[in-house]
Amino acid sequence: MFIKSILTGVVVSLGLTTAGYAADYPTKTITIVVPSKAGGSTDRTARLFTELAEKNYEGFEFIIKNVPGSGGQKGFESISRAKADGYTIGLNFTPQLVAHVVSGRAKYTLDSFHVMGNVAQDPAIVAVPKDSKIMNMADLAAAAKASPLTVAVNGIGSDDFLAAKSFEALAGVEFNLLPTKGSTEQKAGVLGGHVDAAFMNLSQMIKQHNAGDARIIALLTDARDSHLPEMSTAKEQGYDVQMRATRGFIAPAGIDAAIQAQLDEMLSTIMASDEFQANAAKGNIFLLPQTGADYLSYLTGLQGETQAVFDKAPW
Amino acid sequence: MEYLQIVFSFEALLTIAIGTIAGVAIGGMPGLTATMAVGLLVPFTYTMDPTMGLMLLGGIYCGAMYGGSIPAILLNTPGTPAAVATAIEGYPMSKQGRRALALKVSVTASFVGGMFSVFVLLMFAPFLAQQALKFGPAETFLLALMGLAGIISIADENSSLIKALIAGLIGMIIAVIGTDDMSGSLRYTMGMIELIDGIDFMPALIGLFSMIQMLELSGMRSHKIDTSMLEKSSKKEPMPKGISKHIALGSATGTVIGILPGEGATIAAFISYNFSKRISKTKELFGKGNPEGIAAAEAGNNGCVGGSLVPTLTLGIPGNSVAAALMGAFIIHGMIPGPELFNEYADRTYPFIISMFVANGVFLIVGLSFAPFLARIALIPPAIMVPVVSAFAILGSYALNNAVFDVYMMIAFAVGGLLLKKLGFSLEALILGLILGPIAEGGFTQGMIIGHGSPWIFVESSIAKGMWVIIFVLLIPPLLSYLKLIRGNAKQS
């Protein structure tokens, strides 16, 4: 097993050394800052990458540094502050990356980073308890008009919160919003029938939906998702609310162009490999490969949308 | 049957034993916690056979929960917050030279609590998880209140009840620092990014117990070690009569509380301890080295192990932070918690559950056979003990979040805590307030939101009503005896 992986590494690297890459890089271990705790979905995304990167690229060694807490702010700041020598890169997740900028708490802006590309996503969904009378978004709006519904979101300024706020504006309703500490509390609230609805992410509820313990009533994406193809989007149901969590790679701005290009290409090559896709599917990670440029324009747009929500109801 | 074969293969047994023994060591060191160990090892198990990987982590969980009690008893330095209640009884016993008995009670109670909870997990998981769902934020608030009632039982007849309450309040006030989850606004963070998540209770625990204990040890005039204590401890003292009642009480309490969502083990240990004090025939010995207290607290926190996995495996709602880290290991191997774990992946899930029976057996054997050697740890001269434990305290605080800030925090707690301790305030009450304050706050504010601003939600459900009865049962007798004490003092003067 071990010998086999060395051999694969050698074979692959032989094929790659012919390309014109920055000389004598890397000479030491590259640190990947993960702004959340070990074992979480962002951490797992990073480890999927390092596993294949170390296997397929000779000379590359990675170490993962978990900087958990403060909604990723500590981690994002440490990436922005890191020396731009190509030996520190990191992961980001949205909308927290831009939400911290919008709320004025972050010591960085989007310009502090070189955006390498997006890897994974998690569509926002609306879930209700299994015996709820609410079957779709129209029911949700009607019920919310009749009496204030208790709706769980994962903390203030999260993707759930932003999605709930845009639905409120669109449907002209006001929820009795229940901010929770983490998706676990949301899940417990929906499964136990303590809340009327919850704005969450697909990966957090898909198994419960399939098992009949809870019901997803809409996906908040522009198109249907292959993991739950029969589920219609809110857009189809007449409420164009779109939100997703994304997880991608960023680096401190100002890394030598040749080195940065090498890292960017490594990321896109690995994301395109069958092995990466198989491992991600096994680990319940939904892929959404995007180039750095595409992802940057997504982030910029998201920051604008978040700013609009913040201006109306700051937190 | 085939599941048993998987568990009793040589490879599996070795994995479980390694996990469990490592867990005991981790739980025993200040600053290293089961959550951290499981979290760090989850990615490591990625390359392992899934069943073996899970068995390793399960062993660590079981072992660490017990391991926390060893330094709590011997050195008054609980390795996990769940072992604080154990230290209240265990350390006085240790000073009386009854440390071998204290260790024996602790390992036996941990074993029984652990076995009982894993049995419950194996037999009744789906049914109990459905029941646990009825437990909402309002009930979480009441559970935290029940745990806070433990502050009353910490204050024994000699030390002042008022001072224990003040200490608990100080803990809760410190816990106010950080983000207000309901509004997203920051409270008293003074612009420091390190304070956004509030004060982590682990640096506080290390500072308040491990570090202060070392400061006190180095401040003692005489460093002579009483060897007569060793002789006494080597004499075999039988298990106290009637202790099984307290172990049973702790096991049941721990398992039930473990099943409920939220940080279970600390609450479970304190509530079990409190229950056991209420039913004890030797109440006056509590706080002075009563093995009954150790039995209840240890059975309680190990009962949480199996209990916390009930909602984790069946619903994907982890019962506490260790269970949450363990859930990450399941997901890495494509085993998403839910009914699939018990049919499609039954050949991994059941061996994992069964392996925890073995893990409990492993630490029982290790604990019983090494107890006499472990007891000698307390005899290590301060000149060696103080620097070693202090180094671990600093390392442990740093390793929690890879942050030097936590080391400063730990030192601040040690300095502040030492002052409070000298003034007669209970540090156990302080840490209880610090840990349970945020749980109570979260339950209260969420309950108020769900109740649309009406406090009736806290008495509405039948679970809530039952919990109020227990809270009053825990609070009223000590209050009456306290009033009697005051009246008695007034008459004398």
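In chain B, helix α7 (residues 99-132) and helix α17 (residues 346-375) cross at roughly 180°, and their axes come within 9 Å. The two helices are therefore roughly antiparallel to each other (over 145 degrees). Helices here are DSSP runs of H or I with at least four residues, numbered from the N terminus. Axes are lines fitted to C-alpha atoms over the stretch in contact, with angles from 0 to 180 degrees between N-to-C directions.

This is a predicted model, in which local features need pLDDT of at least 70, side-chain atom pairs count only at pLDDT 80 or more, and totals for chains, interfaces and linings use all residues. Residues are numbered from 1 along each chain as its sequence is written, and chains are lettered from A and ligands numbered from 1 in the order in which they are written.

Helix α11 (residues 201-218) of chain B packs on helix α19 (residues 404-422) of chain B at about 60°, with the axes 7 Å apart. Among the residues making this contact are B:Ile206 and B:Met211 of α11(B) and B:Met410 and B:Phe413 of α19(B).

Chain B also touches chain A, with 37 residues from chain B and 38 residues from chain A in the contact (C-beta atoms, placed from the backbone, within 7 Å). On the chain B side, α3 (34-45), α16 (321-332) and α20 (427-450) each supply at least two residues.

Residue classes of the contacts:

| Contact | Nonpolar | Polar | Charged |
|---|---|---|---|
| α7(B) with α17(B) | 18 residues | 3 residues | 2 residues |
| α11(B) with α19(B) | 14 residues | 2 residues | 2 residues |
| Side of chain B touching chain A | 20 residues | 14 residues | 3 residues |

Ala, Val, Leu, Ile, Met, Phe, Trp, Tyr, Cys and Pro count as nonpolar, Asp, Glu, Lys and Arg as charged, and the others, Gly among them, as polar.

Terms used:
Contact = placed C-beta atoms within 7 Å. Parallel < 35°, antiparallel > 145°, perpendicular 65-115°, else oblique.
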